[in-house]
Every structure is written in C-alpha cells, then in structure tokens.
Amino acid sequence: MQRRDFLLGMLTMIALVPIKALAALWNKAAFESVQLNDASKHLNIDTEIPSEDIEIIAPDRAENGAIVQVEVKSNIPDTEAIAILVEKNPTPLIANFMFSHGAEPYVVTRIKMAETSDIKVVVKVGHQYFTHAKNVVVLENGCG
Amino acid sequence: MAKLGADNMKMRAQLKGDFVEVKVLMSHPMETGRRKDDFNQLIPAHFVQLLAATLNGKTVLEAQWGTGISKNPYLTFRLKGAKVGDVIEVTWHDNLGASAVQEIVVTEA
C-alpha cells in the first residue's frame with residue numbers, strides 16, 4: 001500500500017469513528033422532549049430540591065427572544081453539572097454542562113426563548129438535584 | 001464531514017485573580033428545524049450538539065446542547081488552577097457531522 005493511501009485511510013477512520021460515538025453520547029430523548037417533566041426524566045432527575053445557592057442572572061424583560069443572555073453560577077459544593085431549561089420552549093432542554101478538573105460551576109451563554117417563561121436551572125451534586133428559576137418576560141418570539 | 005477553518009471561533013483566555021476566564025464566540029447557524037425559508041420550506045435542523053474544552057489536554061468542560069442555544073453561540077467559563085501560558089482547546093460537533101477545534105494560550109488580563 002502506498003504511504004499516501006494508508007494515511008488517507010487512517011484519516012477516514014479517525015473522522016468516522018468518533019462521530020458514531022458522539023451521536024450515542026448526545027441525550028436525544030432529553031433534548032427532543034416537548035414537556036419540561038419529560039426532559040427532566042430523561043436527564044434522570046428525580047427529586048428536585050429548591051435552592052437559593054444557585055444564581056441566575058438574566059434580563060427581567062427581553063426585547064428579542066432570539067438572544068437572551070443567561071449567567072448561571074452554582075454555590076453548592078461539588079457541583080458536577082448545570083442544566084438550563086426553558087419551560088415554555090417547544091423543546092425545553094437548552095443545554096447541559098458538565099464540569100471537571102478545576103472548572104468552576106459557572107457559565108454564561110445566550111439562549112432562545114419562544115415566549116415569556118421561567119428559565120429553570122438544575123444543578124447535579126452526586127445523586128441530588130437542586131433547582132432555581134428566574135422568570136423572563138419575552139416581547140418577541142425567538143424560536144422562529 | 002466538514003472540518004471548519006481555524007477562524008470559526010473567536011477565543012480569549014485571561015487570568016483574573018485566582019481563575020482563568022475563557023470566552024468563546026462560535027460561528028454557527030443553530031437552526032431549530034422549525035423555521036421556514038422564503039419559499040415556505042422548512043429549513044432543516046442544524047445545530048451544535050456537543051462541545052468540549054480541555055486545559056493542557058485534560059477535559060474541564062463537556063456540554064450537550066439542543067436547538068435552544070442562540071445563533072453564533074457564545075460561552076464563558078472559568079477555570080481554577082490554570083495559569084498564564086496554559087493551553088485551552090475547545091471542540092464542537094454538530095448534528096450534521098461538522099466540527100471545529102481551536103486552541104488559545106492563557107494571558108494576563
């Protein structure tokens with residue numbers, strides 16, 4: 001086999017294998033759920049404990065639901081993951097962030113909101129789930 | 001399987017006291033699959049599903065995203081224990097098999 005062909009072959013392998021593994025990694029059932037409760041169920045969230053140790057910074061009113069900046073910080077020790085859900089979106093689960101090796105349980109991102117709704121944050125700590133919500137009034141649908 | 005160019009992400013990583021703040025701006029349409037074009041045809045869903053960040057090769061952040069992240073995704077995250085000169089790499093993969101990877105070196109704020 002020519003060295004070039006061999007290298008091309010290797011590249012194809014590298015390109016193909018991870019994608020399949022990645023498709024399996026993405027939580028399709030949770031992200032395609034149209035009800036908040038179903039999304040939570042597919043994230044294996046059982047009992048949710050309300051917590052004031054979760055900070056959510058988002059505007060009280062958003063002119064355009066296509067871009068709503070959200071800042072989330074968990075002050076709960078040993079936070080492993082932060083999920084962001086929008087109760088009244090067509091598919092409520094927006095994102096799930098998992099932290100390790102010194103990453104702080106903190107994210108800022110921009111999300112779409114279809115209408116006025118609570119932004120709900122669920123924090124995973126071991127087998128426990130803590131939750132906090134912030135309402136955002138949306139003036140223009142951002143889900144298209 | 002498109003591998004996008006090195007200019008797909010704008011990144012910044014700055015040491016701010018006892019943590020490094022990383023800011024990432026990605027270039028991606030983030031189509032929900034519910035929007036229609038000018039001819040009333042549905043535009044197929046096209047969105048980033050997985051994002052991972054490493055610090056000197058070690059995974060620090062893994063995210064799964066749905067269609068609810070805004071177009072041209074923006075992300076800030078913070079790393080404790082990182083220092084000036086450390087290398088942070090961010091990779092994303094979307095639902096159509098495209099991906100992009102980019103790295104940045106931590107600087108003083």
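Student: Before we start, what does "buried" mean here?
Tutor: A residue counts as buried when its relative accessible area is under 20%. Keep in mind that this is a predicted model.

Student: Okay, so which residues on the two sides of β5(A) are buried?
Tutor: On one side you have A81(A), A83(A) and L85(A), and on the other I82(A), I84(A) and V86(A). They are all buried, so both faces of the strand are covered, given that buried means under 20%.

Student: And where does that strand sit in the sequence?
Tutor: β5 of chain A spans residues 81–86, and six of its six residues are buried.

Student: Which way does β5(A) run against β6(A), and over how many bridges?
Tutor: The two pair in the antiparallel sense, over five bridges. β6 of chain A covers residues 93–99. One pair to look for is I84(A), whose bridge partner in β6(A) is A95(A).

Student: How many residues lie between β5(A) and β6(A)?
Tutor: Six, and the two strands form a hairpin.

Student: What about β8(A), how many bridges join it to β5(A)?
Tutor: Six bridges, and that pair runs antiparallel as well. β8 is made of residues 117–125 of chain A. Within it, I119(A) is the bridge partner of V86(A).

Student: Switching topic: how many residues are in the largest nonpolar core?
Tutor: It has 69 residues. The ones with the most contacts inside it are F97(A), W65(B), F77(B) and I88(B). In soluble globular proteins, nonpolar side chains tend to be buried together.

Student: What is F97(A) in contact with, beyond its neighbours in sequence?
Tutor: Leaving out neighbours within four places, its contacts in chain A include A81(A), I82(A) and I84(A), which you met on β5(A). From chain B, F97(A) is in contact with L61(B), E62(B), A63(B), W65(B) and L75(B).

Student: Cool, so what is chain B built from?
Tutor: Chain B has zero helices and eight strands. Its C-alpha atoms fill a box of roughly 50 × 25 × 20 Å along the principal axes.

Student: How much of chain B is buried?
Tutor: 52% of its 109 residues count as buried. Chain B exposes about 5200 Å², and carbon and sulfur atoms supply 51% of that area.

Student: Last one: how many charges does chain B have, and how far apart are their mean positions?
Tutor: There are 13 positive and 12 negative charges in chain B, and their mean positions are 5 Å apart.

Note on methods:
Residues are numbered from 1 along each chain as its sequence is written. Chains are lettered from A and ligands numbered from 1 in the order in which they are written. This is a predicted model: local features need pLDDT of at least 70, side-chain atom pairs count only at pLDDT 80 or more; totals for chains, interfaces and linings use all residues. Side-chain values use heavy atoms; hydrogens and water are left out. Buried means under 20% relative accessible area, exposed over 50%, partly exposed in between (1.4 Å probe, protein chains only). Accessible areas come from the Shrake-Rupley method with a 1.4 Å probe; for residues, only the protein chains shown count as cover. Lys and Arg count as positive and Asp and Glu as negative; His and the chain ends are not counted. The place of a charge is taken as NZ of Lys, CZ of Arg, CG of Asp or CD of Glu. Two strands pair if DSSP finds at least two bridges between them. A nonpolar core is a set of buried Ala, Val, Leu, Ile, Met, Phe, Trp, Tyr and Cys residues joined through side-chain atoms within 4.5 Å. Contact means heavy atoms within 4.5 Å.
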